[in-house]
Amino acid sequence: EVLKVAGTVGRRAAGRIEPDIVFAAALAVLGLSAMTQGGWIFVKAQVAQILLDRAFSESLASGQPVKPWSWADTWPVARIEVPRLGTRTIVLAGASGQALAFGPGHVEGTPQPGEPGMAVYAAHRETHFRFLQRVRTGDVIDGS
């Protein structure tokens with residue numbers, strides 16, 4: 001009978017889930033969620049730039065601000081290009097958190113794009129201003 005008791009040590013009870021498995025599963029779900037969210041931000045930024053580019057072209061043609069989508073609380077005001085990198089991004093009016101989710105924003109209170117003075121733009125370095133890490137001395141940065 002002593003052998004019988006010793007033989008049950010370390011066995012799982014029937015139907016019981018080990019805490020280590022639950023913890024590992026929870027970590028996997030959290031990791032997948034974080035990766036999905038990060039991917040969504042990148043996709044949203046890329047799709048938004050297509051819509052913003054279209055709205056910016058329409059704004060230039062009409063001379064009036066054109067919203068990129070009906071519920072937008074901002075509109076394109078400039079385009080930044082770095083020819084050597086083949087990069088261009090559309091700048092939005094205002095630098096609110098909502099605007100920065102879709103593109104760089106023109107900081108209010110600084111000169112408008114094309115006006116004398118230094119216009120200031122803000123953006124997330126992981127999406128819209130990621131290209132700045134590849135800019136070198138002597139690169140042309142065109143803002144229109």
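**Salt bridges in a predicted model**

Modeller: Asp53, Arg79 and Arg88 are joined in a network of salt bridges. This is a predicted model, where local features need pLDDT of at least 70 and side-chain atom pairs count only at pLDDT 80 or more, while totals for chains, interfaces and linings use all residues. Numbering starts from 1 along each chain as its sequence is written, and side-chain values use heavy atoms, with hydrogens and water left out.

Colleague: Okay, what makes Asp53 and Arg88 a salt bridge?

Modeller: The term asks for a side-chain nitrogen of Lys or Arg within 4 Å of a carboxyl oxygen of Asp or Glu. For Asp53 and Arg88 the closest N and O atoms are 2.8 Å apart, so the pair fits the definition.

Colleague: And which parts does that pair tie together?

Modeller: Asp53 sits in helix H2 (residues 19-62) and Arg88 in strand E2 (residues 87-93), so parts 35 residues apart in sequence get tied together. Those labels are DSSP runs numbered from the N terminus: helices are H or I with at least four residues, strands are E with at least two.

Colleague: Why is Arg88 called partly exposed?

Modeller: Buried means under 20% relative accessible area, exposed means over 50%, and partly exposed is in between (1.4 Å probe, protein chains only). Arg88 comes out at 44%, so partly exposed is the right label.

Colleague: How do you know that Asp139 and Arg84 meet in a salt bridge?

Modeller: Their N to O distance is 2.7 Å, so the cut-off is met. This pair also links distant parts of the chain, 55 residues apart: Asp139 is in the loop between strand E4 (121-122) and strand E5 (142-143), Arg84 in the loop between strand E1 (76-82) and E2. Arg84 has 41% relative accessibility, so Arg84 counts as partly exposed.

Colleague: What about Glu126 and Arg125: what makes them a salt bridge?

Modeller: There the closest N and O atoms are 3.3 Å apart, so that one passes too.

Colleague: Why is Arg125 called exposed, and Glu126 partly exposed?

Modeller: Arg125 has a relative accessible area of 68%, whereas Glu126 has 46%. One value is over the upper limit and the other is in between, so the labels differ.

Colleague: How many salt bridges does a search of the whole structure find?

Modeller: The search turns up 4.

Colleague: And how much of the chain counts as buried?

Modeller: That's 26% of the 144 residues. As for the elements, the chain has 3 helices and 5 strands, running α-α-β-β-α-β-β-β from the N terminus.
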